[in-house]
Amino acid sequence: MEDTLRHLSHQAYDLSPLDIIPNHLYLTNIFFFENSQPEKGKFIPEDVLKDSFYDALGKFPILLGHLKPNGLNNMHIVVEPDHPVIPGWESFDSPIHFDEVKKHGFHRDHWPRGLDVADPLLHAEKGVPPKLVRVRVCRFADNSGLALVVRLSHSVFDAKGCTFFINHWAACCRRRLKPAENPDPVEEPIMDRATMYSHLSPGVRPTPLSWVLWPVSFLVVKLLVLVEMFRGKQTSTGTSQSHLFCLSRDRLERLKRDGPKEKRISDNDIVTALFTMVYAQLLQTRQQSGRGSKLPKEITAIVPCDFRHRLGVPENYTGSCAVGLYVTCSFDLLVQPMASPALSEVAAISRRTIDGVDAKIIEGFAKRAMMAVKMMGEKVRILYSLMVAQAFSNQSRLPFYEADFGGGQPLFFAPMAYSKSLAVIVPSPPSSRDVHVFLTLEVDDMKVVMGNKDFRNMVEIVY
């Protein structure tokens, strides 16, 4: 730790609009590691785990910085060698044996108390800047394994950036445990947002807000703050409940066979279709019970498009690098029975939307985000949180299960604490070909979803 802090230099990382929009959130994930040889000494000793964490921070000094405003409606992260923001680190021992959690399929009800995290927000403690990374370590009874909770600021990373940091930390840990077998990790992270901008047209790069527009910006921001005060519970960061669902491989393949023959739909298209139909039917139930407003003619789902590979942005770029695409379907189609051809039709609409993406469309969405941040600064998060619609995050191909800290890869991994109305497609355990989806909704809305018989017949509930 001391060595990393001693070598810190003053650095400032300008954030892009794609980083600023979710700057109030953490990306939170939990890993469960089993110790197959408990008799051979402490499993991944605490000092090794923590020292390797600071080794990794040597390559990611941004995580020791202060999240600050940068002029009018911009933000940056400033690393101050004399005043670094020390990460949060908690560790506790549990009387529960790892086998107990494993036996119940890592069901959340059997986790040790203190492991589950529900709040997605990045909070500043009294008189202390918000910590951009927090770690919680739980050691199971009889040296049987450990659980690791890692919370990373969304202003620093997107989900792919998270895996880059976590796997880099894991490599540093393996090196400390067995230096001869594990050389230094060689791939350098790219944290400079200029790298992303260099692959976009000049018109998509941020420019300062004209002072002539400052009064307009001021009024819009004040209005947003008032709206948040009165509608806080209705935003995407209000009270929520989450469940992890599983779609079996057999069911997915049957749905694909029933889909359009001219265009093969993917697992993600089916997930988009299923959970968008769930959302539409939720709105219908709300309206029928007197809780909702007039039903829309169309529903738009927001699906992610990571544009690293599409525009040539390096894979080791760790900032936010995705835009949300709009998959729009008629409300009447979405409230059809889920076992009908309607689901395949919605999945086909999703596929056509994604296949139609090109550089122009990506830059158009990026430019909208840039203009919104330009006018509203970090308060743009309020606007986005009021746009409560079914949104998706596809993390299914990210290497979370490759995080080996020296005791083997995790037996189970899951996201935690996401904004409501977000469905996260997560990596399945290596032994499974099923698809797992972590859904977060308003508490009352989740009750409606859990009572949707069509939906329940399509999925299994992991927890």
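**Exercise 1. Lay out the open sheet: in which order do its three strands stand?**

Solution. The order is 1-4-3, with antiparallel pairing. Strands pair if DSSP finds at least two bridges between them. Strand 1 (11-14) and strand 3 (66-69) are the edge strands, each pairing on one side only. From one strand to the next, the twist averages 30° (axes are lines fitted to C-alpha atoms, and angles run from 0 to 180 degrees between N-to-C directions). Next, take strand 1 and strand 4 (residues 75-79): four bridges join them. Opposite Q11 stands V79 in strand 4.

The model is predicted: local features need pLDDT of at least 70, side-chain atom pairs count only at pLDDT 80 or more, and totals for chains, interfaces and linings use all residues. Residues are numbered from 1 along each chain as its sequence is written, and side-chain values use heavy atoms, with hydrogens and water left out.

**Exercise 2. Find what the radius of gyration says about the protein.**

Solution. Start with the elements: 16 helices and 15 strands (DSSP runs numbered from the N terminus; helices are H or I with at least four residues, strands E with at least two). The radius of gyration, taken over C-alpha atoms, is 23 Å. The globule rule, 2.2 Å times the number of residues to the power 0.38, gives 23 Å for 463 residues, so the protein is as compact as a globular protein of that length. The C-alpha trace spans about 60 × 60 × 45 Å along its principal axes.

**Exercise 3. Locate the partner of R6 and the partner of D55 in salt bridges.**

Solution. A salt bridge puts a side-chain nitrogen of Lys or Arg within 4 Å of a carboxyl oxygen of Asp or Glu. The whole structure has 23 of them. R6 pairs with D3, closest N and O atoms 2.8 Å apart. Both sit in helix 1 (residues 2-6), three residues apart, so about one helical turn separates them. R6 is exposed at 59% relative accessible area, and D3 is partly exposed at 44% (buried is under 20%, exposed over 50%, partly exposed in between; 1.4 Å probe, protein chains only).

D55 pairs with R176 at 2.6 Å between the closest N and O atoms. D55 lies in helix 3 (residues 46-57) and R176 in helix 5 (residues 159-177), so the pair ties together parts 121 residues apart in sequence.

**Exercise 4. Which residues does the salt-bridge network join?**

Solution. First take K160 and E315, whose closest N and O atoms are 2.1 Å apart. K160 is in helix 5, and E315 in the loop between helix 10 (308-311) and strand 10 (322-330). Then the network: salt bridges that share partners join R249, E253, K256, R264 and D267.
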